[in-house]
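Got the viewer open? Here is a short walk through the chains, one selection at a time.

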Amino acid sequence: MKRYVLFVVALCFLAIYLFPLYWMYLTAFKPSSETFTYPPTFWPTHPQFNFVQTFIDKKMDVYLWNSMVIAVGTTIIAALIGTGCAYALARVRSLGMDIVLFLVLMMQVLPPSLMATPIFVLFNQVGLIATPRFAVVLAQSAKVLPLFIVLCRTSFMQIPKELEEAARVDGASRLGAFLRIAVPLARNGILVTSVLIFLQSFGEYVYSRSLISQEDLQTATVGLMNFMGPNTTDWNGIMTYAVIYVTPILIVFMLLQRKIVSGLTAGALK
Amino acid sequence: MKKTLVLIAGALGLLASTAIASAEDVTLNVWTIDRQSDPGYNYVMADEFTKLHPNIKFNIKHVEFADWANDIMRAVATGTQPDIAYVDNPNTPFLSSKGALLDLTPYLKDSTIVDTTKIFPGPLSTVTWDGKVYGLPRGSNTIALYYNADMFKAAGLDPDKPPQTWQELYDTAKKLTDPSKNVYGLAFSANGNEEGTFQFLPWAQSTGADFDHISDPGAVRALEMWQKIIDEKLASPDTLIRGQYDSMATFNAQNAAMGISGPWELPRMSKDAKFDFRVALLPTEKEGDKRASALGEGNNVIFAKTQHPKEAFMYLEYMYSQMPRVWNEFGFLPSYPVEAKDPKWSAQYEVFAESMKYARARGPSPDWAKISKAISTAIQAALTHQTDAQTALNTAQTTINGVLGK
Amino acid sequence: MSSIFRSAHDGRGFDIALALLALAYLLVFSAFPLVYNILMSFQEVDMFSLASLSRPFVGLANYMTLFANPDFWPIMGNTALFVVLCITFQLLFGFGLALFFQQDFFGASYLRGFFLAAWIIPALVAGAVWKWIFAGDAGVLNYLLSSVGLIDQKIFWLSNPAISLYSVIIANIWLGIPFNMILLSVGLAGIPKDMYEAAALDGAGPWKRFFFMTLPMMRSTLGAVISLGIIFTLQQFDLFASLTQGGPANASNVAQYWSWQLSFQTYDIASGSAVSVLMLGFVIVVAFIYVRSTRHEYSA
């Protein structure tokens, strides 16, 4: 009985929380004249289905592919560089490591809109602007790296040192113990963090806009802005585009997250 | 004999030019706020121009209007600026005064297409700096008063007699405001950036005030009128955070009976507005006052660092020569007198074309952005009643005096 | 040489090498822009000197101009309020939901997944959606509140200077809940179940278990979530751009948006950089507190 009550309560929470998302979907189906009427309609009276046309007109396949490239690249770099650092920060306690942790946190304070100009100047100097998507990957991984490190660090903290020490006694090297014991045990934390970072990088906007100048290398978020001109804002178009953009990720994530979260709740450690 | 010689010389010249042209293809980088999908002005123009001059290709980059200053400054700083760009008219002096733009004066001397004396004084003043010309207007726009004639009739007002003075505007707005039906009398924009300033200046200017003497009694009365309209809820309080386009959406949805905006609204309005919409000149304070209106749209400029000034100028000339088309195809008003053939929305066109005669450039000043910010700050301070109109405009005046070095 | 290699391979050096790799990466790609901003805040900058480091030094002049600006203190106050309220409520809701979904009921993990939707939506779109919801005249929030009789006059969420900042805060809390919830869920999952069982056997009630077991066990996660949350909150830019643009009359303006406005709306890059340096100072304090708090993890 209690379980069903909880289920209903959960549904209520969800309905409130997802209302803005519902509004986004709703607007995508409304014609523009219906968007600003009052009282607002909660169901489109003349639903529009511009999805296929928007997808083709706005060349979303190209944009989405570029977003994917940048998100995958960012996640790989952040995971490769960040996992080790997180592990070290979890294992070693010293003034030096304190300083490292301090610096890592401090580095991601300013919003990308303020970082973009100096980064552009730097990348332009060293010629990275010639490979703009790679440039965005580098800048974006720097942005998400502190997040990755701090989050993974807490995962490594939860793994008892003794397991690794046992492996060391059995003759494993540090590297071996790290790769074969610590990383697999922290895989849930690493995975969740990677997914969060992937999603965030998929929606990266400021760096792409600043560093990529060719239209065909541009990302989906920048493509989204193409609906907004100085004297025009096609809100319904924006929402249609946003729906196309969000829905697949949402579905994939729904399927994936069960694995992730059930893995978590089962608990890798007993 | 002479004719033959000229012909031969001409033919040779043509041959030579094509020979040179085919020898080296030129790619011009263009930055524009136009969108590829509409298709926007620059995309159309570049396409047509390439058909005429196959050796000149284009690489067009879309820049967000909001990010324009950001991107241009960064590009100029790093030497990655394009050959040609669109510049909003009040921002042009910022670039020309700093030497970022190519001085077109020598090219204009030899041009058979462009005669700058024909350009309306408003647009011309925005491309001129220190007696030299740094760009060519691609078109202009201005603002006027839209009104819903059906609502006028329903309220017993004569739709052929739109308000002429501020008082009439206020009375009409009051009559048409109906909270029970969610209808405001007026929609306009008083937001905290350029759009607020853009909408306010004509009100002030028609009383004789201007940006460099913005604390004049006339400007204060204008701001007090705005205060009254907002305080009495004849316009939505959201006027303070809405741009012109979002404000006019409420006019189209019949949640506002009148609206102040420009011709760019017409394409959407003719689709969304299911009523008789008409346009009138902006009201003045008293009958017979000097009229004033705002000058919008912008200029095509060439950056000083370009490697292909000749080709870039040819492209500018071509765009300039297409002025007769801009109304029907892109919704701009012509920046020099052209014969409008069969204009779309002809009744509204007449009004906007007349309004153009009173359109005044903002500035021109290389520090327009700071001046504009001072004015919009004053507007917002007064409309939220942080201070009264006089104090707010006095503060703006002090800031502007500092900027102008007075 | 070989001893360094062996150490890196097999000893303390291994940890140091791993940490330094990431640090080096950040020094190249993050420290440079930061130093660049700091430098500009002490210089006279214009469009043409933006890309060169040698610009005329003006000492503290930019900061003096900033402090003399009547908008300075109100905006700093707004920033503090924004950070404190956002963090508090994100954490409360996030923790509450994490605990709620920790319980065993039908569909718990699926439903929890839905909460991550806000993390996926591009900030620009989230801003646009919230702008309609908050719209004073045609907004759905006013409509809902008045149809259930909670208000009898429309609230102008975004254009009333007394309210606009709180509206942005509400939208930002909405955006921040998924982040807090998922991380706290991860933390909760790491607490061994048998500890609870043992405590329950000892007669500890749910509140007691929460305060004396859950909270202490979650200390490192909470530390991470709060400090990262503060940094994310300070980075929030798009919501301000799409909801209020800091208005009306700067009533909802905060440091990060103001800095951008100064630099790129009025071309006063030096003042904009000075604001960003002040933000940096604030984060240094936060980072310091976080690092200090991690010390407990080892003594425990």
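Start with chain B of this predicted model and colour it by domain: domain 1 covers 26–141 + 296–360, and domain 2 covers 144–294 + 367–404. Drop a centroid on the C-alpha atoms of each domain of chain B and you'll find the two centres 28 Å apart.

Now show the contact between these two domains. Domain 1 of chain B puts in 18 residues, and domain 2 of chain B puts in 18 residues. On the domain 1 side of chain B, pick out helix H4 (92–97), H15 and strand S13 (359–360), each of which supplies at least two residues. H15(B) gives the most to that side, with six residues. Colour the domain 1 side by residue class and you get 10 nonpolar, six polar and two charged residues.

Next, select the open sheet of four strands in chain B. What is the strand order? Reading across, it goes S8-S9-S7-S10 (chain B), and the pairing is mixed. Strand S8 (184–187) and strand S10 (277–280) of chain B sit at the edges with a single partner strand each, so one side of each has no neighbour in the sheet. On average, neighbouring strands here are turned by 20° against each other, ignoring direction.

Zoom in on one edge. S8(B) runs parallel to strand S9 (residues 256–261) of chain B, and the two pair over three bridges. For a specific pair to label, take B:Ala187, whose bridge partner in S9(B) is B:Gly259.

Then bring in the helices that lie across these strands:

- Helix H8 (residues 166–176) of chain B lies across S8 and S9 of chain B, at about 130° to S8(B).
- Helix H15 (residues 346–356) of chain B lies across strand S7 (144–148) and S10 of chain B, at about 20° to S10(B). You've met H15(B) already, as the top contributor to the domain 1 side of the domain contact.

Now move over to where chain A meets chain B. The contact takes 20 residues from chain A and 21 residues from chain B. On the chain A side, helix H3 (32–35) and helix H7 (112–126) of chain A are the elements that give two or more residues, and H7(A) gives the most, with four residues. By class, the chain A side has six nonpolar, 11 polar and three charged residues.

Last stop: chain C. An unreviewed UniProt entry lists "transmembrane region" for residues 16–36, 80–101, 113–133, 163–189, 210–234 and 269–291 of chain C. Try two of these spans. Residues 80–101 of chain C are 100% helix and 0% strand, with end C-alpha atoms 31 Å apart. Residues 210–234 of chain C are 96% helix and 0% strand, and their end C-alpha atoms lie 30 Å apart.

Key: Residues are numbered from 1 along each chain as its sequence is written. Chains are lettered from A and ligands numbered from 1 in the order in which they are written. This is a predicted model: local features need pLDDT of at least 70, side-chain atom pairs count only at pLDDT 80 or more; totals for chains, interfaces and linings use all residues. UniProt positions are given in the numbering used here, feature names are shortened, and annotations may be inferred rather than shown by experiment. Two residues are in contact if their C-beta atoms, placed from the backbone, lie within 7 Å. Ala, Val, Leu, Ile, Met, Phe, Trp, Tyr, Cys and Pro count as nonpolar, Asp, Glu, Lys and Arg as charged, and the others, Gly among them, as polar. Two strands pair if DSSP finds at least two bridges between them. Axes are lines fitted to C-alpha atoms, for helices over the stretch in contact, and angles run from 0 to 180 degrees between N-to-C directions. Domain bounds come from an automatic or database domain assignment.
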